[in-house]
Amino acid sequence: MTEPAAAPAVRLDLPSGERVTHRDVAANGARFHIAELGDGPLVLLLHGFPQFWWTWRYQLSALAEAGYRAVAMDLRGVGGSDRTPRGYDPANLALDVTGVIRSLGEPDAALVGHDLGGYLAWTAAAMRPKLVRRLAVVSMPHPRRWRAAMLRDARQTAASSYIWGFQRPWIPERQLTADDGALVGELIRNWSGPRLPEDAEVEAYQRAMCIPSTAHCSIEPYRWLVRSLARPDGIQFNRRMKRPVRVPTLHLHGSLDPVTRTRSAAGSGEYVEAPYRWRLFDGLGHFPHEEDPVAFSTELVNWLKDPEPDR
């Protein structure tokens, strides 16, 4: 159980002053912390690395105001959620996501995922299509596109050098937590576009990374992604991802993203057999939902409300 150490660092209020409802839900054999605001159809928000639910602080307010039940969850091993010894492969992490949907008492959800959360959103939409009403992915290609880019595109391989560095034992964990998480702040600033985050925002992510065991759990999904490339379980997962996504999909990307190249992400629509909309934000980096929250939230809400999203 991680709650006593995690609570002060992760149970935060929104910049608007609104108080979200913080609680824990059980799903897929673990306990997950969620932050919730608003009433209406469920929109479930999935964070990426090196962050936690708070990355969606602006979207929670915008979605609630637009008439949605906005819920941001901490992924397994991060924030206020359980740090389990195993279960960090994408298939199991996607079952965490769909399990949370069921635990919230909803028949389905619109999934919004950034970075690793986007990878899991793609996966959940393919594995449990009945539970995903719509799909919005930020700064992450479809899993099969990601795999191909990592293996065949030298520039994407170089851009993802941090993932290759994660394959070392223990050293990455120590680097992420050294000097009160200074590397986390460095990564977030380096991966952002010209609109850099405020120091206080970065410090929130640094504090969350320094919660015991968080660094190790944050890295484990990336270790699986690389180490499984040539293993039977990884090959089998890649085959499973051939199953097309059959829900309306919004794909959002920053034109200056230095981590995930636009070329890697573009083209993911070939795996979507439903309305697919690609939106490139000029002048934004890897965190468009934080770098320009008004433009991002407007795009997301308009798409969610659009009955014909293929226009």
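In the counts of lining residues used here, Ala, Val, Leu, Ile, Met, Phe, Trp, Tyr, Cys and Pro are taken as nonpolar, Asp, Glu, Lys and Arg as charged, and the others, Gly among them, as polar. On that basis, the lining of the second largest cavity is made up of seven nonpolar residues, three polar residues and one charged residue. The structure is a predicted model, with a mean pLDDT of 96 for the protein, and 98% of its residues reach 70 or more. Eight strands form an open sheet of mixed pairing, and the structure also holds four cavities of 30 Å³ or more.

**Confidence**

- Among the elements of the protein, the lowest mean pLDDT, 73, belongs to helix H1 (residues 3-10), whereas strand E3 has the highest, 99.
- Where pLDDT is low, the predicted coordinates should not be read in detail.

**The sheet**

- The strands of the open sheet follow one another in the order E1-E2-E4-E3-E5-E6-E7-E8, with mixed pairing; at the edges stand strand E1 (21-27) and strand E8 (276-281), each of which pairs on one side only.
- From one strand to the next, the twist averages 25°.
- Strands of a sheet pair through backbone hydrogen bonds, either parallel or antiparallel.
- At one edge, E1 pairs with strand E2 (residues 30-37) in the antiparallel sense over seven bridges, and Thr 21 stands opposite Glu 36 in E2.
- The hairpin of E1 and E2 has two residues between the strands, and in this hairpin Asn 28 takes a positive phi near 50°.
- At the other edge, strand E7 (residues 249-254) pairs with E8 in the parallel sense over six bridges, and Thr 249 has Tyr 276 of E8 as its bridge partner.
- Helix H4 (residues 116-127) lies across five strands of the sheet, namely E3 (42-46), E5 (109-114), E6 (132-138), E7 and E8, and runs at about 145° to E5.

**Backbone details in the loops**

- The peptide bond that leads from Phe 49 to Pro 50 is cis, with omega near 0°, and Pro 50 is found in the loop between E3 and helix H2 (57-65).
- Ser 139, a residue other than glycine, has a positive phi near 60°, and its place is in the loop between E6 and H5.

**Cavities**

- Rolling a probe the size of a water molecule over the atoms shows where empty space is left.
- The largest cavity holds about 100 Å³ of space and is lined by 15 residues, with His 47, Leu 75, Val 78, Leu 116 and Ser 218 lying nearest its centre.
- Helix H10 (residues 214-227) provides the largest share of the lining of the largest cavity, four residues, while the lining as a whole divides into ten nonpolar residues, four polar residues and one charged residue.
- The second largest cavity, for which the volume is about 80 Å³, is lined by residues including Tyr 119, Pro 143, Trp 146, Arg 147, Trp 224, Phe 237 and Asn 238.
- Helix H5 (143-152), H10 and helix H11 (232-240) are the elements that give two or more residues to the lining of the second largest cavity.

**Pockets**

- The largest pocket has a volume of about 270 Å³, and the residues that line it include Arg 144, Arg 145, Arg 147, Arg 152, Asp 153, Arg 263 and Tyr 271.
- Two elements, H5 and helix H12 (262-265), give two or more residues to the lining of the largest pocket, and H5 gives the most, with seven residues.
- In the lining of the largest pocket there are four nonpolar, two polar and six charged residues.
- The second largest pocket holds about 190 Å³ of space, and of the 14 residues that line it, Ser 161, Tyr 162, Phe 166, Leu 187 and Trp 191 are the closest to its centre.
- At least two residues of the lining of the second largest pocket come from each of helix H7 (161-165) and helix H8 (171-191), with H8 supplying the largest share, six residues.
- The lining of the second largest pocket divides into ten nonpolar residues, three polar residues and one charged residue.

Notes. Residues numbered from 1 in each chain as written. Predicted model: local features only at pLDDT ≥ 70, side-chain atom pairs only at ≥ 80, totals over all residues. Heavy atoms only, no water. Pairing = 2+ DSSP bridges. Axes fitted to C-alpha atoms, helices over the stretch in contact; angles between N-to-C directions. Contact = heavy atoms within 4.5 Å. pLDDT = per-residue confidence, 0-100. 1 Å grid on protein atoms, 1.4 Å probe; cavity = no way out; pocket = protein on both sides within 12 Å on 5 of 7 lines; lining within 4 Å. Points joined across faces, edges and corners; volume = space filled by probe spheres on them.
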